[in-house]
Amino acid sequence: MGGKRLAGEYLLEVKDLYKSFGGVQALKNVSLTLRRREVLAVVGDNGAGKSTLMKVISGAILPDSGQIFLEGQEARIRNPQDALELGIQMTYQDLALVDCLDITTNLFLGREICRPVAGMKFLKLKKMRTDTRKHLESLGIKTVKNLREKVRRLSGGQRQVIAISRAVFWGQKIIILDEPTAALGVRESQRVLELIRALKEQDISVVVISHNLHHVFFVADRVMVLRHGENAGEREIHKTDGDEVVKLITGAEFIDRKMF
Amino acid sequence: MVNGEKGVGILFRNFKSSLIFTPLIGLLVLVFLLSILSPYFFTVSNLFNVLRQVSIIAIVAVGMTYAILTGGIDLSVGSVVALSGVITSIFMKKFGVSLPLSIMAGLISGMACGLVNGSMIASKIRMPPFISGLAMMAVVRGIALIVSDARPIFGLPDSFAFLGGGVVLNIPIPVIVTIIVYAIAFVNLRFTKTGCGFYAVGGNEEAARLAGINVSRIKVFAYLISGFTSALGGIVLASRVMVGEPIAGYYYELEAIAAVVIGGAYMGGGEASIVGTLLGALIMGILKNGLNLLNISTYWQQVAIGLVIAGTISFNLFRQRR
């Protein structure tokens, strides 16, 4: 097992993943590849194993067997900290931000810029605010006005945008998004999707789970389908259409067009 | 444009949405009413009197603010007030240790209590803060009674009276101690990385953990601070009455919690203001003082304090939902 693979072919390669919870086989021989600067959409019905797969990659769940390669090197990911150190960050909708802190302190959370005085680490708030503003502007984020605004007061879309830009800010190479547009309105979804596409410019690859095929076709370069915990197919986005992806998701041989 | 609004408008908007809006308005209304109702209220001597009375609860409430900020609570503060006073007195009286070292011993006893309390809460045991506090409350009170033979310790050296009864530039020392403690806590919470950590742990523990913050350390630190401020309050109290009293500090936990909550804190954690806590302590102290001046019985005072707590919290909740 293990060993080197051809470096540079894929940024991330997951092979032969198995995971069961009690009697339930959540992942059966699942594989996934992610290229550099690619947005990969992972779709599938409820219980298809999408979230489990993402949690394995981000270290939140240990697989029963299988291998993960990062830039051709086998990677050992045993907990979220391991994943973070390898440059993989999963952004959860609820778990990413601290509501009672403002945008700047959230962006810097755990990695604040400090000046030590008499044993206390004083925050360099001015520097942190300037950096935050620069960073958000570099991502083309224009919807956030006041950096001292507490995150609680932001809309769902703004929160998602801040959570994503936080991952970018800390130099992550791979960002995993679980249903980033689930709770958002149309305009807000659009903003988040545009941000995801803009991440390519920052040399970042994205894996995004979504139920919304419109969003998938807008944002992704490639789509990968899971069904009952197994790979059900994989398509370049410009070589497929909604019908085909739905067929892969449901496993139906054909779909009666009159149904739609 | 990713730019901050500027000017007075934003300041006022921030103030209106800030935690201390309600307690500050409440305090001003209270002072205004009492000034009209009693000619003795708004006098320098009475105000200093109030401040001196408030100072001990105010000091204890600083630690309580930290505990509540991290989503916990410290029920042991009253017992620690008693223990630290007793320990300091014993060191001075029985062991003949110098004043500074005796005070140090009292402070260390309080911090030890906080360390044990915080460790039970933050370590793998994960004891709920309420239960851990109940246990510590009983154990620490018991120790205070044991080491003092359940008797108050009289005859403390005269030099000790300075801390509770002395004045510098006409300002009572307990008031100065209070101001210093609040200043340090304010700077710590507002301008330091550790302060940020308390808010993060209380606001979203999982996010804090994922961001690499040492959640356990922050929690232990909060109870350590609470142990320290309780001990400081206890020593100031012992100095003021010149007795090491093992039954001192009963119900202080409730008064401290009331001060923190009136000050705008959210019991679930992540929201608390050190300035708010000071205002909360002042509101309760001034209310008691005013009702005394107006010759209202202590029974009615209890009712009034309960109503003030319920009233401010309702007003705060109402404001937040809008």
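# Exercises on a predicted two-chain model

With 14 C-beta neighbours inside 10 Å, A:His228 counts as partly exposed. The model is a predicted one, and the exercises below walk through some of its features.

## Exercise 1: two loop residues

Find where A:His228 and A:Glu71 sit in chain A, and describe the backbone and surroundings of each.

Solution.
- Start with A:His228, found in the loop that joins β11 (222–227) to β12 (230–236) of chain A.
- Look at its backbone: phi of A:His228 is positive, about 50°, although the residue is not a glycine.
- Go on to A:Glu71, which lies between β4 (65–70) and β5 (73–74) of chain A, in the loop.
- A:Glu71 has a phi near 50°, again a positive value in a residue other than glycine.
- Now count neighbours. A residue is partly exposed when its count falls between the limits of 12 or fewer for exposed and 20 or more for buried. A:Glu71 has 17 other C-beta atoms within 10 Å, so it is partly exposed.

## Exercise 2: a helix pair in chain B

Work out how helix α5 (residues 99–122) and helix α6 (residues 129–147) of chain B are arranged.

Solution.
- Take the axes: they come within 9 Å and cross at roughly 150°.
- That angle makes α5(B) roughly antiparallel to α6(B), because angles over 145 degrees count that way.
- Next comes the handedness: the crossing of α5(B) and α6(B) is right-handed.
- Then name the residues that meet. From α5(B) they are B:Cys113, B:Val116, B:Asn117, B:Met120 and B:Ile121, and from α6(B) they are B:Pro129, B:Ser132, B:Gly133, B:Met136 and B:Val140.
- Sort them by class: the contact has 7 nonpolar and 3 polar residues, with no charged ones.

## Exercise 3: where the chains touch

Describe the side of chain A that touches chain B, starting from the residue counts.

Solution.
- Begin with the counts: 27 residues of chain A are in contact with 22 residues of chain B.
- Look for the elements involved. On the chain A side, β8 (120–123) and α4 (125–138) each supply at least two residues.
- The largest share there, 4 residues, comes from β8(A).
- By class, this side of chain A divides into 16 nonpolar, 3 polar and 8 charged residues.

## Exercise 4: confidence

Find the confidence scores of the model and of chain B.

Solution.
- For the model, read ipTM 0.77 and pTM 0.84.
- For chain B, the mean pLDDT is 89, and 94% of its residues reach 70 or more.
- Finally, check residues 1–5 of chain B: pLDDT stays under 50 there, and the model has 12 contacts beyond four places in sequence for this stretch.

Note on methods
Residues numbered from 1 in each chain as written. Chains lettered and ligands numbered in written order. Predicted model: local features only at pLDDT ≥ 70, side-chain atom pairs only at ≥ 80, totals over all residues. Axes fitted to C-alpha atoms, helices over the stretch in contact; angles between N-to-C directions. Parallel < 35°, antiparallel > 145°, perpendicular 65-115°, else oblique. Left-handed = near helix turned anticlockwise from the far one by under 90°. Contact = placed C-beta atoms within 7 Å. Nonpolar A, V, L, I, M, F, W, Y, C, P; charged D, E, K, R; others polar. pLDDT = per-residue confidence, 0-100.
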